[in-house]
Amino acid sequence: METIELVDSEIMRLSKITEELLTLSELEENGNRANLSQINIKRILEKMLKLFKNQISSKNLKLKASFNGDFEILGNKMHIEQVLFNLIDNAVKYSTPKKEIEISLNNDKYNKLLILDITNISEIIKEEDLPYIFDRFYKTSAITDKKGFGLGLSISKKIVENHNGSIKVGYNKDKKEITFKVYLPLFIEK
Ligand SMILES: Nc1ncnc2c1ncn2[C@@H]1O[C@H](COP(=O)(O)OP(=O)(O)O)[C@@H](O)[C@H]1O
Ligand SMILES: [Mg+2]
């Protein structure tokens with residue numbers, strides 16, 4: 001690489017980490033009580049999937065999406081978009097090529113929750129990584145790329161919790177399948 005390109009990409013890298021750290025400290029300071037609006041999650045998911053279309057096809061991934069309803073939540077749209085972006089970005093980035101990524105949207109009417117599941121197959125994760133996966137700066141040892149800082153999931157967790165929701169990770173060792181589950185309170189008009 002040319003020196004100037006190297007410097008450019010280093011600047012990009014540093015500005016990205018600065019941005020992510022700022023987001024994190026901002027979330028910790030203020031929560032996200034500002035800018036609440038009614039958000040249609042299905043619409044945001046469709047928008048995000050469009051963004052990743054090329055990456056999905058260049059890795060020969062199969063996308064299986066099932067959106068079982070039109071769900072609305074009350075939230076900060078920019079933050080919620082960031083969560084969905086982070087989770088889909090991870091699924092695409094860390095999936096083994098040619099495998100399936102599964103995204104499903106459901107609701108638990110009884111508990112008035114929206115449930116978003118994102119599953120992918122990955123070689124880079126091990127069972128012992130899971131307890132640390134939402135920690136700041138945590139990346140599995142198999143990851144050598146310098147683009148990410150291990151902040152995406154901690155930011156996502158913070159945002160989901162600020163929306164009175166929760167985020168969980170599950171792992172199936174035999175299938176090497178990792179699943180992120182996001183639960184968010186549904187918006188129900190009174
Ligand atoms: N969908 C996934 N499949 C496999 N590993 C994942 C997935 N999502 C996250 N990880 C692991 O967790 C780490 C932390 O993720 P994240 O906080 O988004 O940071 P980053 O993507 O910047 O490394 C990743 O580096 C990766 O090792
Ligand atoms: Mg990430």
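**Core and helix contacts in a predicted model**

Good morning. Leu114 is in contact with Ile41, Phe71, Ile73, Leu105, Asn106, Asn107, Val182, Tyr183, Leu184 and Leu186, once its neighbours within four places in sequence are left aside. I should state at the outset that this is a predicted model.

Leu114 also leads us to the nonpolar core. The largest such core holds 45 residues, and Leu114 is among those that touch the most other members, together with Leu45, Ile88, Ile103 and Leu116. Several elements give two or more residues to this core: helices H1 (3–30), H2 (41–51), H4 and H5 (152–162), and strands E4 (100–108), E5 (113–121), E6 (166–172) and E7 (177–185). Which element gives the most? That is H4, with seven residues. As a general remark, nonpolar side chains in soluble globular proteins tend to be buried together.

Let me now turn to Glu81, which has its place in helix H4, residues 77–94. Is Glu81 buried or exposed? Its relative accessible area is 15%, under the 20% cut-off, and therefore Glu81 counts as buried. Outside its neighbours within four places in sequence, Glu81 is in contact with Ile44, Lys47 and Met48. Glu81 and Ile44 lie 37 residues apart in sequence, while their C-alpha atoms are 6.8 Å apart in space.

My last residue is Thr23, found in helix H1. With a relative accessible area of 16%, Thr23 is likewise buried. Which residues does Thr23 touch, not counting those up to four places away in sequence? They are Gln82 and Ile155.

Thank you for your attention.

Terms used
Residues numbered from 1 in each chain as written. Chains lettered and ligands numbered in written order. Predicted model: local features only at pLDDT ≥ 70, side-chain atom pairs only at ≥ 80, totals over all residues. Heavy atoms only, no water. Helix = DSSP H or I, 4+ residues; strand = E, 2+ residues; numbered from the N terminus. Buried < 20%, exposed > 50% of the residue type's maximum accessible area, 1.4 Å probe, protein only. Contact = heavy atoms within 4.5 Å. Core = buried A, V, L, I, M, F, W, Y, C linked by side-chain atoms within 4.5 Å.
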